[in-house]
Amino acid sequence: MSSEVKCIPPSVDLAKIPSEYDGLWVVVNRSNQAILGSGDTSRKALECSRRATDDPTIVIAYVPKEEHVVLISHPK
Amino acid sequence: MAKWKIKYTGRPGRTKRPYIEVVLRFAGKQTPGHPMVVDTGSDRCMFNEQLARDYLDINPAMYGMLDKATGLSGTDDVAVFPHLEVFLPELKRSFIVSAQFKFLLFPGVIGHEGVLNQLKVTFHHGEYFEIDDSDHP
């Protein structure tokens with residue numbers, strides 16, 4: 001039996017965030033991608049936005065500024 | 001609904017990556033949603049320790065089990081919480097994972113143990129990835 005495929009955009013479109021936010025955490029309105037606050041930690045960005053932790057309309061993203069990232073985690 | 005197709009995203013002119021939104025839950029507390037990279041190179045899920053301190057009221061360095069994680073840059077100490085809930089809002093599914101916490105510049109990565117080994121994930125690099133949860137009851 002085939003299942004329906006649900007196509008969804010990324011919750012934050014990193015391509016649309018201005019470069020002035022590179023290296024910062026940003027609170028983004030999920031529906032229109034508006035930036036509601038920023039900071040150098042997730043919590044500071046949330047406080048800047050004055051939104052609640054459990055507000056389902058927001059997402060908090062880190063805006064990467066490095067060109068390439070390699071992270072491999074193996075439990076030892 | 002058991003299949004999702006999610007577009008890659010990334011900074012202009014740079015590598016696009018597969019991100020999925022993640023909420024961490026522990027003892028009645030939770031983080032806001034944070035997009036995290038789906039990392040097939042990681043055995044385990046690894047998260048930014050600041051998220052644990054700021055939202056879950058736990059200090060991983062003080063209360064987690066000490067463990068080691070090995071990457072390309074060598075071996076690091078990590079704090080492990082064996083029963084952390086990883087909720088993926090887009091899938092409306094939760095996973096209980098043995099999560100590693102350490103200092104990271106970004107929110108974290110979703111690895112194999114507890115999450116990716118529960119799903120069928122197919123990558124169409126730079127474009128989109130598909131998650132097939134058809135076998136989940």
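This is a short viewer tour of a predicted model with chains A and B.

**Stop 1: the sheet in chain A**

Select strands 2, 3 and 4 of chain A. They form an open sheet in the order 3-2-4, with antiparallel pairing. The edges are strand 3 (35-39) and strand 4, each of which pairs on one side only. Direction ignored, neighbouring strands of this sheet are turned by 20° against each other on average.

Now pick strand 2 (residues 25-29) and strand 3 of chain A. Four bridges join these antiparallel strands. For a single pair, label A:Val28 and A:Ile35: A:Ile35, in strand 3, is the bridge partner of A:Val28.

Next, add helix 1 (residues 42-49) of chain A. This helix packs on the sheet and touches strand 2, strand 3 and strand 4 of chain A. Its direction makes about 140° with that of strand 3 of chain A.

**Stop 2: a loop residue in chain A**

Go to A:Pro64. The residue sits in the loop between strand 4 (58-62) and strand 5 (74-75) of chain A. Why is A:Pro64 classed as partly exposed? Its count is 19 C-beta neighbours inside 10 Å, and a residue is buried only from 20 or more. For a distance check, pick the C-alpha atoms of A:Pro64 and A:Leu46. They are separated by 18 Å, and the two residues are 18 apart along the chain.

**Stop 3: where the chains meet**

Show both chains. In contact here are 44 residues of chain B and 34 residues of chain A. On the chain B side, the elements giving two or more residues are strand 1 (3-7), strand 2 (19-26), strand 4 (34-38), helix 1 and strand 6 (65-71). Colour that side by class: it has 16 nonpolar, 15 polar and 13 charged residues.

Zoom in on strand 1 of each chain. Strand 1 (residues 5-8) of chain A pairs with strand 1 of chain B in the parallel sense, over four bridges. Within this pairing, find A:Cys7, which stands opposite B:Lys5.

**Stop 4: two positive phi values in chain B**

Most residues other than glycine have a negative phi. Which way does phi of B:Asp57 go, positive or negative? The value is positive, near 55°. B:Asp57 lies in the loop between helix 1 (49-55) and helix 2 (60-63) of chain B. With 11 other C-beta atoms within 10 Å, B:Asp57 is exposed.

Finish at B:Lys92. Phi of this residue is also positive, near 55°. B:Lys92 is placed in the loop between strand 7 (74-88) and strand 8 (93-102) of chain B. B:Lys92 is exposed, with 9 other C-beta atoms within 10 Å.

Notes: Residues numbered from 1 in each chain as written. Chains lettered and ligands numbered in written order. Predicted model: local features only at pLDDT ≥ 70, side-chain atom pairs only at ≥ 80, totals over all residues. Buried ≥ 20, exposed ≤ 12 C-beta atoms within 10 Å, placed from the backbone. Pairing = 2+ DSSP bridges. Axes fitted to C-alpha atoms, helices over the stretch in contact; angles between N-to-C directions. Contact = placed C-beta atoms within 7 Å. Nonpolar A, V, L, I, M, F, W, Y, C, P; charged D, E, K, R; others polar.
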